[in-house]
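Here's a quick tour of a protein model, starting from the inside and working outwards. Have the structure open while you read.

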Amino acid sequence: MLPGKTDPRLISFNSLRKSIGWMSVALSPAMLLGNYFLADCSYIQQSISDYYFTVTGDLMVGIMCCLALFLISYKGYPGEQLDEWLTTISGLLALGAALIPTNEPLVQSCAIIHLPWDTNRSLTHNLLSSLLFIMLSLISMLLFTKGRGEPTPEKLQRNKVYIVCGSIMLMVIIVVPIYNQLLRTYPDWEKYKLVFWLETLAMTAFGISWLVKGGLFLRDKPMVVNQ
């Protein structure tokens with residue numbers, strides 16, 4: 001017998017969305033706190049990707065792989081093939097970014113493992129990460145804002161959140177390479193760890209978008225029927 005809709009073995013769409021959201025929001029804090037408490041290292045890495053080489057590297061890869069598998073598993077609304085395609089592609093990009101690391105930072109870091117310097121590997125990681133954020137921003141702005149029938153006031157508010165979150169992710173994609181170019185002229189700016197904080201902002205925006213989609217915030221109010 002096929003499992004029914006109430007089968008406890010099945011995970012609901014909203015639970016899946018909220019899981020994606022919480023993991024995204026928790027990624028950067030987990031890296032910071034993990035290195036501080038497990039490695040006695042309070043030095044903030046230049047980017048989230050640089051944590052691959054630290055004591056929390058396995059945790060980062062694990063979270064990214066979970067996000068990837070959840071995104072691949074997400075099917076969207078029945079009959080909406082675009083939802084499934086975009087989330088599946090996003091999941092594959094996240095999996096690639098998790099398993100193909102960037103180069104180890106040359107400045108002071110909390111690194112405990114080392115890999116040979118490989119420009120092509122680093123470029124591949126950066127390309128996958130950039131494409132991932134572009135896809136996630138499109139999901140937030142183009143798919144999450146869709147609806148059926150007359151939108152409720154809460155739906156209109158949610159749409160604003162989706163657009164803002166998607167715009168933040170796109171902004172980060174544009175600003176990070178510009179900042180990296182400016183570092184060649186102003187190397188002292190490295191102390192601000194701007195790439196890490198921008199990536200944290202993008203991951204938080206991504207997480208909030210999915211948490212809202214999962215019904216944690218701004219849910220439609222139940223209709224009151226007059227008797």
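## The core first

In this predicted model, the largest nonpolar core has 46 residues, and Leu 27, Leu 67, Phe 206 and Trp 210 are the ones touching the most other members. A nonpolar core here is a set of buried Ala, Val, Leu, Ile, Met, Phe, Trp, Tyr and Cys residues joined through side-chain atoms within 4.5 Å; buried means under 20% relative accessible area with a 1.4 Å probe, protein chains only. These helices each give two or more residues to the core:

| Helix | Residues |
|---|---|
| H1 | 13-39 |
| H2 | 57-73 |
| H3 | 81-99 |
| H4 | 119-143 |
| H5 | 153-182 |
| H6 | 194-213 |

H6 hands over the largest share, 9 residues. Leaving out residues up to four places away in sequence, Trp 210 touches Arg 17, Lys 18, Ile 20, Gly 21, Leu 71, Tyr 74, Thr 87, Ile 139 and Phe 144, where touching means heavy atoms within 4.5 Å.

Zooming out, the protein has 6 helices and 0 strands, with helices being DSSP runs (H or I) of at least four residues and strands (E) of at least two, numbered from the N terminus. The C-alpha trace spans about 70 × 45 × 35 Å along its principal axes. Of the 227 residues, 43% are buried. Among contacts with a separation of 6 or more, 70% join residues 24 or more positions apart.

On the bookkeeping side, residues are numbered from 1 along each chain as its sequence is written, and side-chain values use heavy atoms, without hydrogens and water. Local features need pLDDT of at least 70 and side-chain atom pairs count only at pLDDT 80 or more, while totals for chains, interfaces and linings use all residues.

How values were computed:
Buried means under 20% relative accessible area, exposed over 50%, partly exposed in between (1.4 Å probe, protein chains only).
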